[in-house]
Structures are given as C-alpha cells and as structure tokens.
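Take a moment to turn the model around on your screen before you read on. This report walks you from the overall fold down to a few residues and a metal site.

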Amino acid sequence: MGIQISPSILSADFANLGAEVDSIADVADWVHVDVMDNHFVPNLTLGLPVVESLRKVSPLPLDCHLMIENPDRWAPAYAEAGASSVTFHVEAAHAPVRLARELRAQGARAGMGLKPATPIEPYADLLPELDMVLLMTVEPGFGGQAFLDVVLPKIARTRALLRDRDSAVWLQVDGGVSSATIERAAEAGADVFVAGSAVFTADEPAAVVSHLRALAEAAAVRD
Ligand code: DX5
Ligand code: ZN
C-alpha cells in the first residue's frame, strides 16, 4: 500500500470541521478522528453524531481512533456510522479478537492501538485478525506532545513480526509526528502516519501533508 498520511482533526477548528477536512482532501489518504471519553484518557472530544456528520461531508475515508473504555460495546457503532477504519485500544478491550472480527464483518478495517508502555509481543498471534496496528508515540489524550523516541524499537519489532507473518497489516504511528520525526518512524517500519498539530496549526495544511509524505517515502526506501 505504501506510505499513507492520516491528518488528525484533533488540532483542527471544531467549529469548521467541514472546511478543515476539505483543506487536506486532495493530498491526504484518511481523516483521523480521535474519540476520547474522559475515562480511558483524561480528555473529552467527540462521538458518534460528529462522525456521522463528518461522513456525509468528508471526501476522505474516516480513520476513527477510539480512546475509550469498553470499546467492545461502542466500537461497532462507529463502523455503522460510516468509519472505514476503527481502532480500539487493547488495554481497554475485553475480547479483542471478537471485536476485530465484528468490525471486519461490518465492512470496516479493524485496528488495535497500543499505548507507549504496552508491549506488542503478547499480541503477536492476534496480528492476522487485524488490518492495522496503531502504536502511540505519545501518551494518548492530547495533541501537540513531543514524539517519544523510546517507542522506536517497538515499531521495529512490530514491523519484524508483521514481516514474519508476511501480512498486509498496516503499521500506524500516532503522536508527535512532524517533519522533524517522521523519518525516524518510517525508518523503523511505520507506514501510516497520523499528524495533528503539525498539519492543522500550519498556514498551509495541504503543503505539510505533501512534505510529510515525501519525507516518509524517502526514509522508507532507506529502511
Ligand atoms: C492523541 C491523539 C492523536 C493526536 C496527535 O492522543 O491520538 O491522534 O491528534 O496529535 P499530534 O500530531 O499533535 O501529536
Ligand atoms: Zn489518534
């Protein structure tokens, strides 16, 4: 599939989401939608009604990242609301295999997210059940935090596990991704990049997306 860029609207103007999404529509692959419940993370953002509204206006598929407790209960509703990819956190899921299968049965891509301190190895056998692994490169909850280099070895180990299984599972990184950090993440093996503040606090969001893609593509070749 190659390198993909999924700008996070967490740092966009919530009163103008339609226009914000339009600003990156020609250059991005996805729109990353951060759902937070003030329990799994200490922040509250948006939920199903906003996803349903976004789906109607967004020219790009929605990549919903659920930072919520009990995703077993809520995640399928996001697929139903029109999300093309739904990522739950493994730290919160009660039955990740059942949930991934349910999401796929609904026609969505199933993603599994890991916080920075959560190891990938216990979940190695689950990888064929997934379409994407999301490795957080900040503690989830807020945009604008610094990229955690401590996660780089886990990105590389996850890439190695995926290669071993010759799988088509995408490897997404989320948090602190910018022109200063994206090459390191790409060299380690990530192929889907979420960027929030780097894109939506810029004067020209589309230009930033294109620049990030070029940097990641060049770095991935060096991998
Ligand atoms: C943080 C969210 C991220 C956030 C990234 O918990 O999951 O998607 O928007 O923002 P930046 O790119 O600013 O770190
Ligand atoms: Zn996110």
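Helices here are DSSP runs of H or I with at least four residues, and they are numbered from the N terminus. With that in mind, the place of Ala100 is in helix α4, residues 96-105. Please remember that this is a predicted model.

**The whole protein**

The protein holds eight helices and eight strands. Along its principal axes, the C-alpha trace spans about 40 × 40 × 30 Å. Is that what a compact globule would give? A better way to ask is: what radius of gyration does the protein have? It has 16 Å, which agrees with the value near 17 Å for a compact globule of 223 residues. Of these 223 residues, 54% count as buried. Contacts also link distant parts of the sequence: among those between residues at least 6 apart, 65% join residues at least 24 apart.

**The nonpolar core**

The largest nonpolar core has 66 residues, and Ile9, Val33, Val86, Val133, Ile155 and Phe193 touch the most other members. Its largest share, five residues, comes from α8. Another core, of five residues, lies apart from it, and Met36, Phe40, Val41 and Ala92 are among its members.

Val86 is a good residue to click on. Leaving out residues up to four places away in sequence, Val86 touches Cys64, Leu66, Ala75, Tyr78, Ala79, Leu103, Ala108, Arg109, Ala110 and Gly111.

**Helix α8**

Helix α8 runs over residues 205-222, so to speak 18 residues in a row, and reaches 26 Å from its first C-alpha to its last. That is close to the 26 Å expected at 1.5 Å a residue. Which residues of α8 are buried? They are Pro205, Val209, Leu212, Arg213, Leu215, Ala216 and Ala219. These buried residues pack against β1 (4-7), α6 (182-188), β8 (192-195) and α7 (197-200).

**Buried residues compared**

Residues under 20% relative accessible area count as buried. Here are four examples.

| Residue | Relative accessibility | Status |
|---|---|---|
| Ala100 | 1% | buried |
| His32 | 0% | buried |
| Asp34 | 5% | buried |
| Gln172 | 0% | buried |

Back in α4, Ala100 touches Phe88, Ala110, Glu129 and Leu130, not counting residues up to four places away in sequence. Ala100 and Ala28 are 72 residues apart in sequence, and their C-alpha atoms are 25 Å apart in space.

Gln172 sits in strand β7, residues 170-174. Beyond its neighbours within four places in sequence, Gln172 is in contact with Ser6, His32, Asp63, Met132, Val133, Leu134, Leu135, Val192 and Val194.

**The zinc site**

Which residues coordinate the zinc ion (ligand 2)? The donors come from His32 (NE2), Asp34 (OD), His65 (ND1) and Asp174 (OD), at 2.0 to 2.3 Å. In sequence these donor residues are spaced H-x1-D-x30-H-x108-D. The site is octahedral, with angles of 71 to 172° among its six donor atoms. For comparison, ideal angles for six octahedral donors are 90 or 180 degrees. Two of the zinc ligands already appeared in the table: His32 counts as buried at 0% relative accessibility, and Asp34 counts as buried at 5%.

Methods: Residues are numbered from 1 along each chain as its sequence is written. Chains are lettered from A and ligands numbered from 1 in the order in which they are written. This is a predicted model: local features need pLDDT of at least 70, side-chain atom pairs count only at pLDDT 80 or more; totals for chains, interfaces and linings use all residues. Side-chain values use heavy atoms; hydrogens and water are left out. Helices (H or I, at least four residues) and strands (E, at least two) are DSSP runs, numbered from the N terminus. The expected span of a helix is 1.5 Å times one less than its number of residues. Buried means under 20% relative accessible area, exposed over 50%, partly exposed in between (1.4 Å probe, protein chains only). Contact means heavy atoms within 4.5 Å. A nonpolar core is a set of buried Ala, Val, Leu, Ile, Met, Phe, Trp, Tyr and Cys residues joined through side-chain atoms within 4.5 Å. Donors are N, O and S atoms within 2.8 Å of the metal (3.2 Å for Na, K and Ca); water is not among the atoms, so sites may look incomplete. Four donors count as tetrahedral if all angles lie between 85 and 135 degrees; four count as square planar and six as octahedral if opposite donors are over 155 degrees apart and all others between 65 and 115; anything else is irregular. The radius of gyration is taken over C-alpha atoms; the globule rule is 2.2 Å times the number of residues to the power 0.38.
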